[in-house]
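Student: Please examine this structure with me through a series of questions and answers.

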Amino acid sequence: MPVLMVMLIAFPACIDDNFELDKLSKKVQLQSSWAFPVAYGSLTIENMIELADTNFVGNYLLPNDSNLVILRLQDTMLSQTAQGLITLSNQSFLMQFNKADYDSAGGFNIQGIVTMTKEETEFPFVVDTLLGQLLDSMAFHSTKLRVRVNSNMPNKGQLILTFPHLKIKKDGSENTYSRMVYIKPQGNSFSYDYTYTDLEGYVLDLTQAYAGVNSLFIDYTLKLDDGNIHPFNPEHKIDIQLDFEDNEYSWLFGYVGFFESGFGPSMIDLGLTEMITMGTFYVEDPVIRFIVSNSFGIPIKYGFDYVSVYNKRLGGTEPLTGNVPFFDLNPGFLVQPTNSYPYTIEQSIDTLQISGSETNLPQLLYDLPSSIDFAVKINLNPPESGTQRNFMSKDSKISVISQLDVPFWGHTEKICFSDTLNFNIGSDSSMFDYFKKVQLTLDVDNGFPHDIRLQGILIDEDFNHKDSIFGTPKEQIIIESGVVTNGKVTSKTKKITVLEFTKEKFNKWKDAKYLIIRVQYNTTLPSSDTQPQESVLYYRHYGVDVKITTKAEIEIDEHL
Amino acid sequence: MSKYKIKILRNVLPLFFFFVAIQVEAQENIGMYYLHSVPNSVRLNPSTTLDYKGYFGGLIIPVSGQILPPLNLGISVNSFCYSDIVYKPGGAFGDSLATVFHDVGKSRAFADGLKPVNRIDFHTYIDLLHFGFRTKNVFWHFSMVEKVEAGVSFPRDLLRLLVYGNDDFPDPYVDLSGFGAKALHYREIGLGITHEQSTVFSYGVKAKALFGMGNLQFDKSTLEWRTDPVTGNFIFNADFDINASQPIVEVTDLYYDSEGDSLVIKTNQKDLDPIGYVTNMKNGGIAIDLGATYSPVSNLKLHASVTDLGFIRWNDNVTNLRAKGELNFTGICLNDFLDDSLDMGNLYIDSLFKTFDPKLSHDSYKTTIPLKMFVGASYQLADILSFGALYHGRLWNNELNSSVTLSANLNNRGFGLVVSYTLMKDSYKNIGVGLALKLGGWQTFLMTDNILDPIFPQNAQKVSIRFGTNWILGREKKHTSLIN
């Protein structure tokens, strides 16, 4: 019992002090050191280009056996199809038989039959082609021949339409296009309307017309029966209308005429250079190439109206000079294909390649321009070729593609990329108060034939300098280039850089709003000023291995 | 005399309620071993002889079972106490309290002082019904007990990681093994005998049928984290083996959906049927208690017993989860940024999932129940007074906890008093007290193995308390009087 009494008294006294949590200090003090891997990767030139533009590798990097990085910029200077050059419009041909024709035919004979004919009736056949054209034949691909016949007579009969110069070769014989309409009036009127679509393959001979005119000849033969009771009265007539609609040709032969046109202005965009703020790059042996594909059987003259290089950074335009096919100076003439009627015309391909050494292109590319601007001119049936018999099919096409191949082979000094990024560690930057020190280790194996010089400048919203990431603003972190022998990288160069960021540095960053990243490259520099800088080659597999680790010391001394 | 007893009761009861009110920590009541006036002591040694003809008690006994329900409660923390975390630094702090994290050195010392795996365990045993009776030299015992064991564990290195970081870590690697939880709920129905073969030897055996209600256990919980000092790369090794039997939710599938970029866990929420839960007979098991008492010379007795040697096989609502693998983390791969279609977060979750390859199954499994071993000796100084020494070992999930107890025991006609001192690893202040009072046939008892913990709870780590009520029937002549 005494023991229990003591417990009853002592217990409240003993626990009292230790459980007065309102007296509990909320101070927390912790120090810990953390290390963790941040990132790693192996980036080749190809990877880096993909990062800039995911379509660039497939569209702009030229595959080749040596795996050299060759940038191919391409543009279609000219593209023209036959359908866009020559068209057949809809056209109508009207004819009438009346009392005068009846009388000329001698009226109904003893059998009560009269036959009226109109042969070789000529109609102009319009072809929307070029100035001075004179076609000699065309083959129909498709057309709709609508035949409408209207009569106000009670007489039965038949109308035969023959196109004497519209023929088709079939089974070894040549057939003329002809159609017959049976006239069966209802009372005193007859109306007929039908569309024929069977003209595919028929060839229209246009040589029978008068010189300088494309004509269609039609023979009309109308036979009527009086039925013993129906005379041909003066008011009686038969109207015939033929409409050629939705006409498409498959082949054209003859002189299509003279045609002159300009294309452009066009542009080859060198967008990659936009991020470059300074520096130059001398390119060894850039190549300009024109690939001409032609399936028109027509003499064609072509050439540049102008070619110039625009540099946005320097604010200027420079013309391309040298052995370039300018229209007015040294135009090109396309090779014509072979007439392969009735089979598809095999296009002829002509390639004109101009080495950079034949022009001032290397000098123009040296300053890393923004674009190449140009315009092109062509002439069909130019005066130099005289008047020739042309041929073309509905599938004929002409196209001229220009290519600029820029091999990554050259040298550069102080080419500098710059970009401004938003930088905001947030309005509540109290988290950084807990970082006593952060150490970032960059382990870089550089396999490029150029060094990499980095700096990051932090500025506030008024563009005042706040801090620089690597040392002072004028300093840089330098990662030496790979070992280069005869312009090729033989081994990678390792550089381990440790960057230390302290709490004082974080305090400077709190007000920063932007981060200016500057990256500068130099290909291998000569050992002395008197020696020229060596040109280096960039292969697609060249790359850089990066490993980033970090260590952070955290120090918390807070009252919660 | 009766006035004296009433006074005792008047003083004891408030203390009892006080103990109830501040129930916090407990362990098995080892002091009960030599408190032979209480029939519950047979639970610790089936060979214990009782000097009455019969007894009964339990939660279902009207009135007495509810006024003072027969409970055994215990909570233990194996490596720290309140005062290890909150204390009075003094000095500049004056009379204020501070946490151990107010100072770098203190927090590191605290973290270093923890055990590799720190556990907070809880158990409660509820006597639903028990009774016994004597026939000649054999005492028959029956009991039905509801047992719940539970605990959570966490590794020391989790806290050491916080106070050191992985770069300055004092060991070659961070050992995060030991995360886990365990829970075991089962019903035990036992029938046993104590046979007084002679005046110097008695033995006892009890066979028990076990019925599992719910279980959760982490058979394996291994997680090691290594940091390469040069490259800073992380290497994680994990090996987990988790089994559960529970009626709340059924996990039917677990996989990573690469197309949907998501971790998919398919579950069926079950309608918990409380009646069905407590009457579940599908998870069966058996256990046995064995004990022997031998008196080589007069007044000296040697005791040995093993209790709860058994297992339960879990067949109903079973879920198994196994995962094993090694993950090397070397940072974010910059090349993955080239593919805009990649979701970086899900990419790494996918890698994590494939590396550790978690496998879900629903196979039955077996668990052992906590095994207890007792070996001791007692010296009978007088008819009602004895002194005892006892070794106690508790084995569960491959972990053995041992203790040694010295006690002074007083047993007289249903009245009992025991004062004990228990020595455990890293715990030396365990003074226990047990008291049994009998009024006519009604007996009540209360005991704890650490009376100081309620007085100084700030230093408490392991406390258990047991109390209850029995009805004692008849009185047998004592063997010592026969010998005399």
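Student: Which residues does R108(B) touch, not counting residues up to four places away in sequence?

Tutor: This is a predicted model, in which local features need pLDDT of at least 70, side-chain atom pairs count only at pLDDT 80 or more, and totals for chains, interfaces and linings use all residues; side-chain values use heavy atoms, with hydrogens and water left out. Residues are numbered from 1 along each chain as its sequence is written, while chains are lettered from A and ligands numbered from 1 in the order in which they are written. R108(B) belongs to helix α4 (residues 104–113) of chain B; helices (H or I, at least four residues) and strands (E, at least two) are DSSP runs, numbered from the N terminus. With contact taken as heavy atoms within 4.5 Å, R108(B) touches Q31(A), V163(B) and Y164(B).

Student: How far apart in space are R108(B) and V163(B), C-alpha to C-alpha?

Tutor: V163(B) is one of the buried residues of α5(B). In sequence, R108(B) and V163(B) are 55 residues apart. From C-alpha to C-alpha, their separation in space is 6.1 Å.

Student: How many of the nine residues of helix α5 (residues 156–164) of chain B are buried?

Tutor: Buried means under 20% relative accessible area, exposed over 50% and partly exposed in between, with a 1.4 Å probe and protein chains only. The buried residues of α5(B) include R156(B), D157(B) and L161(B). Their cover comes from both chains: it includes β2 (27–44) of chain A, together with α4, β5 (117–135), β6 (138–155), β7 (174–175) and β9 (201–227) of chain B. The helix is thus mostly covered, and its buried residues number seven.

Student: Which residue with a positive phi follows α5(B)?

Tutor: The helix spans residues 156–164 of chain B. Its successor has a phi near 85°, and that residue is G165(B).

Student: Which strands stand at the edges of the open sheet with the order β1(A)-β4(B)-β3(B)?

Tutor: This sheet has three strands and mixed pairing; two strands pair if DSSP finds at least two bridges between them. β3(B) and strand β4 (residues 97–99) of chain B run antiparallel, joined by two bridges, and V86(B) has T99(B) as its bridge partner. Each edge strand has a single partner strand, so one side of each is left without a neighbour in the sheet. The edge strands are β1 (24–25) of chain A and β3 (86–87) of chain B.

Student: How many bridges join strand β10 (residues 234–245) of chain B to strand β15 (residues 318–329) of chain B?

Tutor: Strands of a sheet pair through backbone hydrogen bonds, either parallel or antiparallel. β15(B) also pairs with strand β17 (residues 359–361) of chain B, in the antiparallel sense over three bridges, where L321(B) stands opposite L360(B). Towards β10(B), G325(B) is the bridge partner of A238(B). The pairing of β10(B) with β15(B) is antiparallel, and its bridges number 12.

Student: Which of the 126 residues in the largest nonpolar core touch the most other members?

Tutor: A nonpolar core is a set of buried Ala, Val, Leu, Ile, Met, Phe, Trp, Tyr and Cys residues joined through side-chain atoms within 4.5 Å. M138(A) touches residues including L88(A), F125(A), Y202(A) and W251(A), not counting residues up to four places away in sequence. The members that touch the most others are M138(A), L224(A), I240(A) and L242(A).

Student: Which strand supplies the largest share of the nonpolar patch made by V404(B), L406(B), L417(B), V419(B), Y421(B), L423(B), Y428(B) and I431(B)?

Tutor: Patches are made of residues with over 30% relative accessible area and no salt bridge, with like charges joined within 9 Å and nonpolar side chains (Val, Leu, Ile, Met, Phe, Trp, Tyr) within 5 Å; a salt bridge is a side-chain nitrogen of Lys or Arg within 4 Å of a carboxyl oxygen of Asp or Glu. This one covers about 670 Å², by the Shrake-Rupley method with a 1.4 Å probe, where for residues only the protein chains shown count as cover. β21 (399–412), β22 (415–424) and β23 (427–439) of chain B each supply at least two of its residues. The largest share, four residues, comes from β22(B).

Student: Is N486(A) buried or exposed?

Tutor: N486(A) is found in the loop between β30 (483–485) and β31 (488–491) of chain A. Its phi is positive, about 55°, although N486(A) is not a glycine. With a relative accessible area of 68%, N486(A) is exposed.
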